[in-house]
Every structure is written in C-alpha cells, then in structure tokens.
Amino acid sequence: MKARSILALMATIIAVHSSLAAEQSIILASTTSVESSGLLANILPQFTAKTGIAVNVVAQGTGKALDTARRGDADLLLVHDPEAEQQFMDEGHGSTRRQIAWNDFIIVGPSADPAHIRGGNDSVTALKAVASAQAPFVSRGDKSGTNAAELRLWKLAGQTPDTLNKEKWYRDIGGGMGQALNAASAMEAYTLSDRGTWLSFNNRGSLVIAIERDPRLINRYDVIELSAHEHANAKLGPAKIFADWLVSAEGQRAIGAYQLNEQKLFQPSAGSPK
Amino acid sequence: MRKSTTIITISELHDFAKIVGLSISVSLAATAVAAAISLPLGTTLAIFPFRGRRSIVVLINAFFGLPPVVVGLILYLALSRSGPLGFLQLPFTPAAMVIAQTILAAPIITALVHRASERAWARYGDELICDGASRIQSIPQILLIIRAELLTAVLAGFGRTVSEVGAVILVGGNIRGLTRTMTTAIALQTSQGDLPLALALGAVLVGISISISATVFALAGRARTAGSDEV
C-alpha cells in the first residue's frame, strides 16, 4: 500500500513539475499596479505567442520586488519607484534600466469630501488640507512605488513618516493598492492610487477622484535587467528578449493599445522618457 | 476583460479550473509526502522506547500550531537562489508549495497516528511480540489495526494544506496559471475589490473542506461499526 502511494505521489510531483518545465520561462518581479490593472495579462500572451517564452509574474510592491531580485529570485524587474531603483542600480544589481511607460497617480476620497479638496489639481495643497482637517487618510505602508510617491508628496506638504505615524487619522495598512482602496472605501478615507488600479477596482463605495492631473503625480514604469556579474544564475537571455520587446515598437504599441472601460491606462514612453 | 463580472468568459472558466486543479493536486501531493513520512514515524514513536521520545512527541504536538506564514518565510529564505538550497531553483514553483504544505501537514498526521498507535500498541503489543514479530515487523500490523484513524489523520492533514494561504503565497508567488491556488486567488480577488469572484472561490473551497470532513466522518463511522472490538 505504501509503495503504491509513493508511486502515486511521484507521479503527481512529476506531473506538476513537467507542466512548468514545458517551455522556457522567466520570473518577472513586478508591482501590484501593473498586474491588477490587467496590463500584463493583456500583453503577455502576445509576447509568449511570438517568442515561446512564458513570463511568470510575481506581483509585489516595488520595494519587495527589488528585494526579491537582490536575492536572486527573479530574472527581470518591472517597477515604479525612481529613487529605490537608482539605489538598486548603484548597488550593482542592475545592468540596464529603461522606461517603458507612464501613467499617473490620483488622490481619491469619499464623496462627502471632509477636507474640501475635490476638483483641484494641486496634490500638495490637498494633502495639507487633509492634515489640517484631520480627515482619515490610508497609506499603503508597504514600501511600494505608490507608497514612496505618497511619502514624497507628504514631505512636500511638511510631514515626515514620523509625524504622520503619530496621527490617528493617518492609517498605515501595510497592503497592496487594492487593499488600500478597500480600506479607504470602508473607512471613508482619502488615499493615493495609481489610475490603473483605480479604474479596474470594483468596490469603490463612496470613493471618487478628488485630485488629478498634477505634474507631480506622474508615475513612471521602468524595466530593469539584472547584472550578469551579480546574478549569473538568472535567466538573463530570455529576460533581455522580453525587456527589448517591451521597448520595441511592437511592445510599445501593445502597451498603448490596452484599455479598460474605454480609457487608455498606460502611455508608452520608451522613445521619449518622461 | 476583468470587468465582465456578470458574464463568465471561457478563459475565466479555464483559469478557474486551473486554480482549483492546482490547489487540489498540490495539496494531494503534499499530503501524500507527509503521510509517507508520518505513518511510519508516528507508529515508531509509539512502539520503540528510547530516550527523548517524550520530548519529540511534545515537539510534534507543538508543531500542530505552526504559523503557516512563518513556515513560508523560513522556507522561502532557505530555497531562495541566495539561500542554502538555492541550487534547487525552487522559489515560485508548485514544488516549493508542496514542500511548504508537507511541513505543515506532517506534524498533524504524525501526532494523530502516534496517539492511535500508542493505544493499539498498549492493547496488542504483547500479543504481536508473543507471535514472534519484532518491533519493526509490528509497524505494518499496528498501521493495519488503526486504519480507520489513519484516514482521519491523513484527511486532517489534507484539510490543513488545502485551506492554507500564508505559506504558499510566499514560496509560490501567486503566479497566474502556475502557482495560483484557491486561497491565494481569494486573497488577490479580495485585494482587487472583486468580492463576488472571491466569494465564489471561497464557496468552492468551503465545499471541498466540508466534503472532506463528511468523508472522514462517514468512513470513520463505518470502520468503527465494522470492527468495533478491534480497537
């Protein structure tokens, strides 16, 4: 009986294993925003059909994605936090870093708008108003690109993480973009979101866009290839093929063609980085 | 594509089937590995007296409550390409998930098998030895006697693996079509505000859990009435 169950187990493991070894594949450590906006699910099949390379996306915040790559567990990065990316490059983990697209952040909040900021386009003044009204504000608090962008805006509004974390109205939830929107919706709070996740989000409750079209709210996405010196075991060849495809005319067209609810989510920008 | 919450497309159905299939096959594989270790181990602990046996049993029982997320984290660090087992190249694969779930299921199965074996050994041990069986030869005999309890133990292990999210999301990475299970998909759909889909997956998961418990009770009940004076 035992021999049979061990055989059955071996068969299962082999079946599970061969299903993933069937084709060439890379692991792309990326952010929750490109995954949950549906962009990758939309463009990856085009790339895989052309090259036979499967791209397995591990969606994490930018901070965690960079860390996964530092550890050697990813073959390529698609992230959106310029400062953290620069640090990653300075440490010698990356070989090339290229912008593929941009979109924008927005501040969303309850339609009751307790901080009276709705309709504006000055994110810093808006955050000052949120702080002085002590209106609830949800922070990702997960070292993601969006979290980093939020903290940079707060800094311009005269607040640091230390002062913010003492405030009761500032709620650090330590979660992904969707979780932050869920929390903001439940708590009638403001939060900073990327536009893509917002458009694909189905549980808005009373949330509406409060602030948009501030030049400071630009959100840049970069593809980073890993250095052969630091990451000799990574699948750098197929990773490069995918990175090159993303910035190629074909890849850029695919990114620009992706729409959700008839809105274009990502502006391809490999040719003229923002 | 994701907007069509009312109409379920063929590709979504295909995704859904894949998720359910992966959940079950990973959990089955993990339960099988765990059982292959735990059945002989649990019985051995019951019938071989040795120094430190008590502490091992206490430890195994304590591992009942291993927090999955801690198991996932430690296993991820060990399997990471920069970790001690990095050469295996296992992070973000179903194989890594099988290992994580095996670690979670083995203590439960071992502890339950040990408890049942202890009772059976107290009752039939002398008889087996008198018949000329060595202690090693007694292991399969004892396992045969407690077969009803084995079923409960193995299904309890399966229940632990199929319902777990913390470990598999860390070592598996929740990759669509590759390592996305029911529990990680529920976490993802919830985080994207897609509560109806999350709830549908949740219903399937609960359905599987209930069927497992029902099967356990039915089979255990039948075995008890069939061999009531055996154990």
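Visitor: How do you know that the span of helix α7 of chain A agrees with its 12 residues?

Guide: This is a predicted model, and the check can be made on its atoms. Helix α7 of chain A covers residues 145–156, and at 1.5 Å a residue these 12 residues should span 16 Å. The expected span takes 1.5 Å times one less than the number of residues. The end C-alpha atoms of the helix are 17 Å apart, so the two values agree.

Visitor: Which residues in α7(A) are buried?

Guide: They are G145(A), T146(A), N147(A), A149(A), E150(A), L153(A) and W154(A). After the helix comes G158(A), with a positive phi near 85°.

Visitor: What makes Q89(B) partly exposed?

Guide: Q89(B) has 14 C-beta neighbours inside 10 Å. A residue is buried at 20 or more and exposed at 12 or fewer, with partly exposed in between. The count of 14 falls between these limits, so Q89(B) is partly exposed. Its place is in the loop between α3 (68–79) and α4 of chain B. Q89(B) is not a glycine, yet its phi is positive, near 55°.

Visitor: Why is N174(B) called buried?

Guide: N174(B) has 23 other C-beta atoms within 10 Å. The cut-off for a buried residue is 20 or more, so N174(B) meets it. This residue lies in the loop between α7 (166–172) and α8 (182–191) of chain B. N174(B) also has a positive phi, about 55°, although it is not a glycine.

Visitor: How do you know that S272(A) is exposed?

Guide: The count for S272(A) is 7 C-beta neighbours inside 10 Å. Exposed applies at 12 or fewer, so S272(A) counts as exposed. S272(A) is found in the segment after β12 (267–268) of chain A. Its C-alpha atom is separated by 28 Å from that of K143(A), and the two residues are 129 residues apart along the chain.

Visitor: Why does L85(B) count as partly exposed?

Guide: There are 16 other C-beta atoms within 10 Å of L85(B). Since a buried residue needs 20 or more and an exposed one has 12 or fewer, L85(B) is partly exposed. L85(B) is in the loop between α3 and α4 of chain B. Leaving aside residues up to four places away in sequence, L85(B) touches A78(B) and L79(B). L75(B) lies 10 residues from L85(B) along the chain, and their C-alpha atoms are separated by 9.5 Å.

Visitor: What is used to describe two packed helices?

Guide: The description gives the angle between their axes and the distance between the axes.

Visitor: What makes α2(B) and α4(B) oblique to each other?

Guide: Helix α2 (residues 53–62) and helix α4 (residues 94–130) of chain B pack at an angle of about 130°, and their axes are 8 Å apart. Roughly perpendicular runs from 65 to 115 degrees and roughly antiparallel begins over 145, so an angle in neither class is oblique. The two helices are therefore oblique to each other. In this contact V57(B), I60(B) and N61(B) of α2(B) meet P107(B), T110(B), A111(B) and H114(B) of α4(B). Four of the contact residues are nonpolar, three are polar and none is charged. The crossing of α2(B) past α4(B) is left-handed.

Visitor: Why is α3(B) called oblique to α4(B)?

Guide: The angle between α3(B) and α4(B) is about 135°, with axes 10 Å apart. That value makes α3(B) oblique to α4(B). On the side of α3(B) the contact is made by P68(B), V71(B), G72(B), L75(B) and L79(B), and on the side of α4(B) by A96(B), I99(B), A100(B), I103(B) and L104(B). The residues of this contact divide into nine nonpolar, one polar and no charged. Here α3(B) passes α4(B) in a right-handed crossing.

Visitor: What makes α11(A) roughly perpendicular to α12(A)?

Guide: Helix α11 (residues 236–247) and helix α12 (residues 249–257) of chain A pack at about 65°, with their axes 4 Å apart. The class of roughly perpendicular covers 65 to 115 degrees, and α11(A) is therefore placed there relative to α12(A). W245(A), L246(A) and V247(A) in α11(A) meet E250(A), G251(A) and Q252(A) in α12(A). The contact has three nonpolar, two polar and one charged residue.

Visitor: How many helices and strands does the secondary structure of chain B come to?

Guide: The count is nine helices and zero strands. Of the 231 residues of chain B, 43% count as buried.

Methods
Residues are numbered from 1 along each chain as its sequence is written. Chains are lettered from A and ligands numbered from 1 in the order in which they are written. This is a predicted model: local features need pLDDT of at least 70, side-chain atom pairs count only at pLDDT 80 or more; totals for chains, interfaces and linings use all residues. Axes are lines fitted to C-alpha atoms, for helices over the stretch in contact, and angles run from 0 to 180 degrees between N-to-C directions. Angles under 35 degrees count as roughly parallel, over 145 as roughly antiparallel, 65 to 115 as roughly perpendicular and the rest as oblique. A crossing is left-handed if the near helix is turned anticlockwise from the far one by less than a right angle, and right-handed if clockwise. Two residues are in contact if their C-beta atoms, placed from the backbone, lie within 7 Å. Ala, Val, Leu, Ile, Met, Phe, Trp, Tyr, Cys and Pro count as nonpolar, Asp, Glu, Lys and Arg as charged, and the others, Gly among them, as polar.
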